[in-house]
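Hi,

Here is the structure I promised to pass on. Have a look, and my notes are underneath.

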Amino acid sequence: MTTWIWAGVAVVLFGMYLSWTAGRLDRLHARIDAARAALDAQLVRRASVAMELATSSLLDPAASLLLLDAAHAARQADDEQREVAESQLSLALRAVFEEPEQVAALVAEPGGEEAVRDLTAAVRRVPMARRFHNDAVRAARAVREHRLVRYFRLAGRAPFPLAFEMDDAPPPALTPEGAPA
């Protein structure tokens, strides 16, 4: 009789563990969704600020065209091409703001200081948002790789989480180390 009681307790504890793990996995997937929404918001903000700056006539025509084209492509990209388009925008931003003197000249223009401040804030937030998203993905993947999670299909029908890989290095002139004095 005691064996049956212990077996029942073991089954109940095992069921509780599986339920707890499924709940944890669900919370991780919700965290991924929230982090992805925050990342999308920061990417859209960066592209919007870049488009605003490109159309403001504060930059020379070649730089404006390069920045406008990359920002427009990043805003219009579908999910499969989003990482590439966002990386292209990062490259365009680095090309336009390669030298601190370019940023200093832009700050000297009327309205330039506010534009640079907005762009700097937008460019700095993207790597943080991407890091939060990729950390959430990494945590969910670690749980999903456990044998019990796979055997009992605790992830349900949730898609396998994918990291967002892009070139998000800010232009050196817009970082604290490279900012004009």
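Below is what turned up, starting with the ground rules.

This is a predicted model, so local features need pLDDT of at least 70 and side-chain atom pairs count only at pLDDT 80 or more, while totals for chains, interfaces and linings use all residues. Residues are numbered from 1 along each chain as its sequence is written, and side-chain values use heavy atoms, with hydrogens and water left out.

First, the N-terminal end. UniProt, in an unreviewed entry, puts a "transmembrane region" at residues 6-23 (such annotations may be inferred rather than shown by experiment). In the model that span is 100% helix and 0% strand, with its end C-alpha atoms 25 Å apart. Helices here are DSSP runs of H or I, at least four residues, and strands are runs of E, at least two, numbered from the N terminus.

Next, the largest pocket, at about 390 Å³. A pocket is an open set of points on a 1 Å grid where a 1.4 Å probe fits, with protein on both sides within 12 Å along at least five of seven lines; lining residues have an atom within 4 Å of a point. The volume is the space filled by probe spheres set on the points. Of its 15 lining residues, Arg36, His133, Phe160, Pro161 and Leu162 are closest to the centre. Helix α1 (residues 2-54) gives the largest share, 4 residues.

Finally, two positive phi values outside glycine: Ser57, near 65°, in the loop between α1 and α2 (61-76), and Arg153, about 50°, after α6 (147-151). Ser57 counts as exposed (over 50% relative accessible area, 1.4 Å probe, protein chains only) because its relative accessibility is 64%; Arg153 is exposed too, at 70%.

Cheers

Notes: Buried < 20%, exposed > 50% of the residue type's maximum accessible area, 1.4 Å probe, protein only.
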